[in-house]
Amino acid sequence: SDVCSSDLRPLRGQLADFGAPGSPVPTSAQYEAMDKLLGRLVTAFFQDAFTYRGTVDDLIGENSRLLQIVFAVSAAFTIATAALLIYFILPPINRAVEIASLIAGGNLKNQIPAGSARSETGRLLISLAKMQDSIASSIAAIETARASFESIIDANPEAMLVVDATGTITLANARALEIFEYAPGELVGSK
């Protein structure tokens, strides 16, 4: 600005005396000088205010644009992350749930895709494959033991019946069928 503190001193004194009782009436030249000085002061102060306001408006506009860019980038990142999750993670998890349901239903011949041991879904698929194989092996061992037990019972010369906790016949050997005069399969399931 082109107004300095030395310009304000005479104005201060003149303004203090202006209109005071007993003070001399300012001349037109003094009025003109005060008017010019006030004009310069108003111009200087308002010019600074407009300059600062313009600077602040520019900063707000810049920050607003930066915030819009940051928001757009974060929204794009969020959408991309969601798309990757949907494409890469959900299908293997859905397949694992489907396989677990099949295993729970007794289907032990599922083709389980080989998973990577580094990912959670890969380890889940590996565990499902091991569980399926373990259950199938256990069932095969139980069936082998049952067949062996049934052959021992059936080969016994004495009549033998095997019943469960409710009293239902679960196994009858050939001699029991002969004595009670039942056809194979008729006695099993009765009480």
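Helices and strands here are DSSP runs, with at least four residues for a helix and at least two for a strand, numbered from the N terminus. The model is predicted, so let's work through it together.

**Exercise 1. Work out how many helices and strands the protein chain has, and in what order they run.**

Solution. Start by counting: the protein chain holds four helices and two strands. Next, read the elements from the N terminus, which gives α-α-α-β-β-α.

**Exercise 2. Find the span of helix 3 and compare it with the expected value.**

Solution. Helix 3 covers residues 120-155, or 36 residues. The expected span is 1.5 Å times one less than the number of residues. That gives 52 Å, and the first and last C-alpha of helix 3 are 52 Å apart, close to expectation. Now look for its buried positions: Thr121, Gly122, Leu125, Leu128, Gln132 and Ile153.

**Exercise 3. Place Ile93 and decide whether it is buried, partly exposed or exposed.**

Solution. First, locate Ile93 in helix 2, residues 28-104. Then apply the cut-offs: buried is under 20% relative accessible area, and exposed is over 50%. Ile93 has 31% relative accessibility, so it counts as partly exposed. Finally, see its company: Ile93 belongs to a nonpolar surface patch with Leu84, Leu85, Tyr87, Phe88, Ile89 and Val97. Together these residues have about 680 Å² of accessible area.

**Exercise 4. Describe the surface and contacts of the whole protein chain.**

Solution. Begin with burial: 15% of the 191 residues are buried. The accessible surface comes to about 14,300 Å², with 64% belonging to carbon and sulfur atoms. Last, take the contacts with a separation of 6 or more: 31% of them join residues 24 or more positions apart.

How values were computed:
Residues numbered from 1 in each chain as written. Predicted model: local features only at pLDDT ≥ 70, side-chain atom pairs only at ≥ 80, totals over all residues. Heavy atoms only, no water. Patch = residues over 30% accessible without salt bridge, like charges linked within 9 Å, V, L, I, M, F, W, Y side chains within 5 Å. Areas by Shrake-Rupley, 256 points an atom, 1.4 Å probe, with all protein chains shown as cover. Salt bridge = Lys/Arg side-chain N within 4 Å of Asp/Glu carboxyl O. Buried < 20%, exposed > 50% of the residue type's maximum accessible area, 1.4 Å probe, protein only. Contact = heavy atoms within 4.5 Å.
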